[in-house]
Amino acid sequence: MSYENKWIYEGIKKISLDLFTLYLAKNDWKKVEDLKKCQLWSFEDHEFYIPNSDKYADFHLRISEMIKKLQDIENRDLIYIIDDINDSRSDILRVRVDDLFTQEGTMLIEKAGKFINETLNLIRYSASAAEQKRKYYKSQPPKIVKDYLDNNVRMGQTERGSFVIKIISNIPVVELENTQEEFKGMKKPPFQREVIKTLAIALESTKKLIDQTKDTRSEEYILRTVEKGVSANLCDALDSLTNVVSNQDVEFSFAWSPIVEELELLPRKLTFNNSNSEYLRTVSEVLKKEDSETTKRISGQVVSLHREPGEESGEITIKDNETGHKYRIELSDDVYSKAVEAHKKKSLTSCNGEIERRGNTYSLKNVEDIEIQTQSDLGFN
């Protein structure tokens, strides 16, 4: 048995009834009818009669026959279809580029490294936006983003005929009701879905920005896309990615796992190229400029503390040494506890954040890089 045939055989043996029907649902097949020993699924003019149990002796034989038909329907290699079936509980992102040098699925190693790195940057800043929308990310990502990148997102093998990066965002396995029949999915989207969803919506919003005429490309319109996950960092990564291979389209395609229920229609495919570079750089500059005008680092003593009984978060007020203004800041439990110590010891406390002013009251939002200098030189980030 050849290595590829062994891979195909082992891949098919991993397929369960749940995974196969999840894959069909993910690709717009519909369950038509439950029969005595099988279930009928259809897509356009194609029909599959799927055994009702993966315990049947001929289950994997029947599945292999249907996968061969899927190969013709989808016009894709068998091995990639099998991989995707086994990844049906994950959201899939494919980043694809075609040109003279990638027709055999290869790319110069230096270009490939940059292509992968900029794809990672797109995911990193989409994960940051899924946690907290910002115009520009200048510090290390929060723990939830680091955990996601370290433990939940994987890269699959490239695919023949082009250079394709396959990104697999693993969605946690949960007990689902009637998974095979209803595909009702999860009530609340997990962070793993939110990351890829944020990337798709941010890219879609960026595409709409690019497609605007010059007369309607206002800074106000650019700033509104921040709530869609667009950031200066995302624009920079997209600009670099589309310039890895000049004058060629970079295609982003998304396959959404049906185990997470979505009320909105999510993007499936978006295309960019380096003819968009100039405007992407303009958007990045606008977002960086706006961020620098609203972001400030303050340093001073904690002059007041407030936390409601039973609440984990609390509010502190720091009097800025430079301006004399007092800034209200909301902090999580662990950081608030350290701020209490800083208040007792009259320690210098510094942090970055976005200034929000209402009348004579100042607040600092999206706070990061908090540092407390105590006598023992205790600090935290």
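**Strands β4, β7 and β8**

I looked up the bridge partner of arginine 94 in β7 and found serine 253. The model is a predicted one, and I read every entry below with that in mind. The pairing to which I turned next joins strand β4 (residues 90–97) to β7, antiparallel, over six bridges. I then followed serine 253 towards β8, where its bridge partner is lysine 269. Strand β8 (residues 269–272) runs antiparallel to β7, and four bridges join the two. Is β7 enclosed or open? I noted that five of the six residues of β7 (residues 250–255) are buried, so the strand is largely enclosed by the rest of the structure.

**Strands β9, β10 and β12**

I took β9 (residues 295–306) next. It pairs with β12 in the antiparallel sense, with six bridges. In that pairing I found lysine 296 opposite glycine 353 of β12. β9 also pairs with β10, again antiparallel and over six bridges. There I checked leucine 305, whose bridge partner in β10 is isoleucine 316.

**Cavities**

I counted two cavities of 30 Å³ or more. The largest cavity has a volume of about 40 Å³. Which residues come closest to its centre? Of the eleven that line the largest cavity, I listed Ile316, Ile318, Leu331, Thr349 and Ile370 as the closest. Ile316 is thus in this group as well as being the bridge partner of leucine 305. By kind, I sorted the lining into ten nonpolar residues, one polar and no charged. I also noted which elements supply at least two lining residues each: β10 (314–320), β11 (326–331), α11 (333–345), β12 (348–358) and β13 (361–373).

**Helix α11**

As α11 contributes to that lining, I examined the helix itself. It has 13 residues and reaches 19 Å from its first C-alpha to its last, close to the 18 Å expected at 1.5 Å a residue. I found Val335, Tyr336, Ala339 and Ala342 buried in α11. Seen down the helix axis, the buried residues of α11 fall within an arc of 110°, so they line one face. I recalled that an α-helix has 3.6 residues a turn, so residues three or four places apart point the same way. On the other side of α11 I found Asp334, Lys344 and Lys345 exposed.

**Helix α9**

I recorded α9 (residues 232–242) as mostly covered, with nine of its eleven residues buried. The buried set is Ala232, Asn233, Leu234, Cys235, Ala237, Leu238, Asp239, Leu241 and Thr242.

**Glutamine 71**

I located glutamine 71 in helix α3 (residues 59–74). Its relative accessibility is 28%, so I put glutamine 71 down as partly exposed, the class between 20% and 50%. I also looked up its separation from isoleucine 82: eleven residues in sequence and 9.8 Å in space, C-alpha to C-alpha.

**Positive phi values**

Most residues other than glycine have a negative phi, so I noted the exceptions I came across. Aspartate 28 has a phi near 75° and sits in the loop between α2 (17–26) and β1 (30–34). With a relative accessible area of 39%, aspartate 28 is partly exposed. Glutamate 44 has a phi near 55° and belongs to the loop between β2 (38–43) and β3 (46–51). Is glutamate 44 buried or exposed? I have glutamate 44 as exposed, with a relative accessible area of 67%.

Terms used
Residues are numbered from 1 along each chain as its sequence is written. This is a predicted model: local features need pLDDT of at least 70, side-chain atom pairs count only at pLDDT 80 or more; totals for chains, interfaces and linings use all residues. Side-chain values use heavy atoms; hydrogens and water are left out. On a 1 Å grid over the protein atoms alone, a cavity is a set of points where a 1.4 Å probe fits but cannot get out, and a pocket is an open set with protein on both sides within 12 Å along at least five of seven lines; lining residues have an atom within 4 Å of a point. Grid points are joined across faces, edges and corners, and a volume is the space filled by probe spheres set on the points. Ala, Val, Leu, Ile, Met, Phe, Trp, Tyr, Cys and Pro count as nonpolar, Asp, Glu, Lys and Arg as charged, and the others, Gly among them, as polar. Two strands pair if DSSP finds at least two bridges between them. The expected span of a helix is 1.5 Å times one less than its number of residues. Buried means under 20% relative accessible area, exposed over 50%, partly exposed in between (1.4 Å probe, protein chains only). The arc is that of the directions from the helix axis to the C-beta atoms.
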